[in-house]
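Visitor: I would like to learn how to read the features of a model like this one. Where do we begin?

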Amino acid sequence: MAAWSCLGFIIGLGDRHLGNLMLNLKTGEINHIDFDMIFNLGSHLGVREIVPFRLTNNFEQALGVSGTNGLFLEYFKKFAKFFQKYKDIIYSMFELYYTDPIKNTGKGDKNNTYYLFSHFNIKGRISELSP
């Protein structure tokens with residue numbers, strides 16, 4: 001959960017709700033699905049998303065008695081350091097979205113990845129993570 005929270009913040013992943021999560025009941029592993037709301041696209045919706053990442057009471061309760069002050073915080077800090085160390089590689093991976101022909105409808109459309117990626121500062125968001 002800490003890794004996804006950290007990564008979700010970096011890439012501006014919105015529309016996070018229980019319908020967009022898959023839970024492996026044997027391992028407890030959580031996988032995110034539906035990445036249409038990336039690069040803060042959720043901030044352009046009629047009801048804007050304004051939180052940096054979703055950590056609702058449901059998710060917090062799943063962390064147990066230590067809540068966000070236990071292993072979640074410890075691992076969030078580790079992932080933040082990891083993303084800071086490899087921010088250039090991570091940035092280059094997300095540059096692929098910039099040239100994705102499936103999502104791109106034209107350079108004037110504010111909902112396509114040309115526009116979103118060029119106006120979204122992934123390296124800056126990684127730098128904002130202060131472990």
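Guide: Begin with how elements are named: helices and strands are DSSP runs, at least four residues for a helix and at least two for a strand, numbered from the N terminus. By that numbering, His 32 lies in strand 2. Keep in mind throughout that this is a predicted model.

Visitor: How many helices and strands are there in the chain, and in what order do the elements run?

Guide: The chain has 6 helices and 2 strands. Read from the N terminus, the order is α-β-β-α-α-α-α-α.

Visitor: Is His 32 buried or exposed?

Guide: Buried means under 20% relative accessible area, and exposed means over 50%. His 32 has 16% relative accessibility, so it counts as buried. Leaving out residues up to four places away in sequence, His 32 touches Trp 4, Leu 13, Arg 16, Asn 20 and Leu 21.

Visitor: Asn 20 is among those contacts. Where does Asn 20 lie?

Guide: Asn 20 is in the loop between helix 1 and strand 1 (21–23). A loop position does not settle the burial class, so apply the cut-off of under 20% again. The relative accessible area of Asn 20 is 6%, and Asn 20 is therefore buried. Apart from neighbours within four places in sequence, Asn 20 is in contact with Asp 15, Asn 31, His 32, Ile 33 and Asp 34.

Visitor: What does the burial of a whole helix say, taking helix 1?

Guide: Count its buried residues. In helix 1, 8 of the 10 residues are buried, so this helix is largely enclosed by the rest of the structure. The buried ones are Ala 2, Ser 5, Cys 6, Leu 7, Gly 8, Phe 9, Ile 10 and Ile 11. Just after helix 1, Gly 12 takes a positive phi of about 65°. For the chain as a whole, 31% of the 131 residues count as buried.

Visitor: Which residues are buried in helix 3, and which are exposed?

Guide: Check the length before the faces. The 15 residues of helix 3 (residues 71–85) should span 21 Å at 1.5 Å a residue, and the end C-alpha atoms are 21 Å apart, which agrees. Phe 72, Phe 76, Ala 80 and Phe 83 are buried in helix 3. Viewed down the helix axis, the buried residues of helix 3 fall within an arc of 70°, so they line one face. Leu 71, Lys 81 and Lys 85 are exposed on the other side of helix 3.

Visitor: How many cavities of 30 Å³ or more are there?

Guide: A cavity is a space where a 1.4 Å probe fits but cannot get out. The count here is 1 cavity of 30 Å³ or more. The largest cavity holds about 160 Å³ of space. Helix 1 (2–11) and strand 2 (30–32) are the elements that give two or more residues to its lining. Helix 1 gives the most, with 3 residues.

Visitor: Which residues line the largest cavity?

Guide: Its lining consists of Met 1, Trp 4, Ser 5, Gly 8, Leu 13, Arg 16, Leu 21, Ile 30, His 32, Phe 53, Arg 54 and Phe 59. By class, the lining has 7 nonpolar, 3 polar and 2 charged residues.

Visitor: What share of the contacts joins residues far apart in sequence?

Guide: Among contacts in the chain with a separation of 6 or more, 63% are between residues 24 or more positions apart. For a pair distant in sequence, take Ala 62 and Met 1: they are 61 residues apart in sequence, and their C-alpha atoms are 9.8 Å apart in space. Ala 62 belongs to helix 2 (residues 57–62) and, at 61% relative accessibility, counts as exposed.

Terms used
Residues are numbered from 1 along each chain as its sequence is written. This is a predicted model: local features need pLDDT of at least 70, side-chain atom pairs count only at pLDDT 80 or more; totals for chains, interfaces and linings use all residues. Side-chain values use heavy atoms; hydrogens and water are left out. The expected span of a helix is 1.5 Å times one less than its number of residues. Buried means under 20% relative accessible area, exposed over 50%, partly exposed in between (1.4 Å probe, protein chains only). The arc is that of the directions from the helix axis to the C-beta atoms. On a 1 Å grid over the protein atoms alone, a cavity is a set of points where a 1.4 Å probe fits but cannot get out, and a pocket is an open set with protein on both sides within 12 Å along at least five of seven lines; lining residues have an atom within 4 Å of a point. Grid points are joined across faces, edges and corners, and a volume is the space filled by probe spheres set on the points. Ala, Val, Leu, Ile, Met, Phe, Trp, Tyr, Cys and Pro count as nonpolar, Asp, Glu, Lys and Arg as charged, and the others, Gly among them, as polar. Contact means heavy atoms within 4.5 Å.
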